[in-house]
Amino acid sequence: QVQLVESGGGLVQAGGSLRLSCAASGSFFSIDAMGWYRQAPGKQRELVATITSGGSTNYVDSVKGRFTISRDNAKNTVYLQMNSLKPEDTAVYYCNCNLRDWHFILRNYWGQGTQVTVSS
């Protein structure tokens, strides 16, 4: 059974930094795109950043220049380095991965979420 385990959330002051990690475990053939989403109270879940298996990245405009997504394919792990954090970055952050199972079927998985709180 595939699981995505997130870590690295917490409380930080505005201007500070956090690094989120998400490790995929279980049995699967390969990992395609990986990404991070976030959901603030009373708002819809939004895409923050994605990274393809080849390393191409995409970011929502509000985090460009402040957040960096990366991945370690050997560890089946995706990271989100968040710098210059703002109170509006406060949200639950979710990892998302597209994995191919041993029948080469593409399946989508979510992590359990990790809280990021930025104080002003």
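Which strand does Asp32 lie in? Keep that one in mind while we get our bearings. What you have here is a predicted model, and a good place to begin is the strand that holds this aspartate: Asp32 sits in β4, which runs over residues 30-39.

Once you have found Asp32, look at what surrounds it. Its side chain makes a polar contact with the side chain of Arg100, at 3.1 Å. If you skip the neighbours within four places in sequence, Asp32 is in contact with Ile51, Thr52, Ser53, Arg71, Asn98, Arg100 and Leu106. One of those names, Arg71, belongs to β7 (67-72), an edge strand of the sheet we turn to now.

That sheet is an open one with 4 strands, in the order β1-β3-β8-β7, and the pairing is antiparallel. At the edges are β1 (3-7) and β7, each of which pairs on one side only. Going from one strand to the next, the twist averages 15°. As a reminder, strands of a sheet pair through backbone hydrogen bonds, either parallel or antiparallel. For a specific pair, take β3 (residues 18-25) and β8 (residues 77-82), which run antiparallel to each other over 6 bridges. If you want a spot to put your finger on, Leu20 stands opposite Leu80 in β8.

Strand β3 also leads us to the cysteines. How many disulfides does the structure hold? It holds 1, and that bond joins Cys22 to Cys95, with an S to S distance of 2.1 Å. The link of Cys22 and Cys95 is left-handed, with -75° about the S-S bond. Cys22 lies in β3 and Cys95 in β9, so the pair ties together parts that are 73 residues apart in sequence. Are these two cysteines buried or exposed? Both Cys22 and Cys95 are buried. Don't overlook Cys97, though: this cysteine is in no disulfide, and the nearest cysteine sulfur, that of Cys95, is 4.0 Å away. A disulfide needs its two sulfur atoms within 2.5 Å, so at 4.0 Å Cys97 is left out of one with Cys95. Cys97 counts as buried too, at 0% relative accessibility.

Stay on β9 for a moment and move to Val92, since that strand covers residues 91-100. Val92 and Cys22 are 70 residues apart in sequence, while their C-alpha atoms are 14 Å apart in space. What is Val92 in contact with, leaving aside its neighbours within four places in sequence? The answer is Tyr37, Arg38, Gln39, Gly113, Thr114 and Gln115. Tyr37, Arg38 and Gln39 bring us back to β4 (residues 30-39), the strand where we started with Asp32.

Two loop residues round off the tour, and both catch the eye for their backbone angles. Most residues other than glycine have a negative phi. Asn76 is not a glycine, yet its phi is positive, at about 50°. You will find Asn76 in the loop between β7 and β8, where it is partly exposed, with a relative accessible area of 25%. Phe104 is the other case: it isn't a glycine either, and it has a positive phi of about 65°. Its place is in the loop between β9 and β10 (106-110). Phe104 is partly exposed as well, with a relative accessible area of 49%.

How values were computed:
Residues are numbered from 1 along each chain as its sequence is written. This is a predicted model: local features need pLDDT of at least 70, side-chain atom pairs count only at pLDDT 80 or more; totals for chains, interfaces and linings use all residues. Side-chain values use heavy atoms; hydrogens and water are left out. Two strands pair if DSSP finds at least two bridges between them. Helices (H or I, at least four residues) and strands (E, at least two) are DSSP runs, numbered from the N terminus. Axes are lines fitted to C-alpha atoms, for helices over the stretch in contact, and angles run from 0 to 180 degrees between N-to-C directions. A polar contact is a pair of N or O atoms within 3.5 Å; within protein, one must be able to donate a hydrogen and the other to accept it, and residues adjacent in sequence count only if both atoms are side-chain atoms. Contact means heavy atoms within 4.5 Å. Buried means under 20% relative accessible area, exposed over 50%, partly exposed in between (1.4 Å probe, protein chains only).
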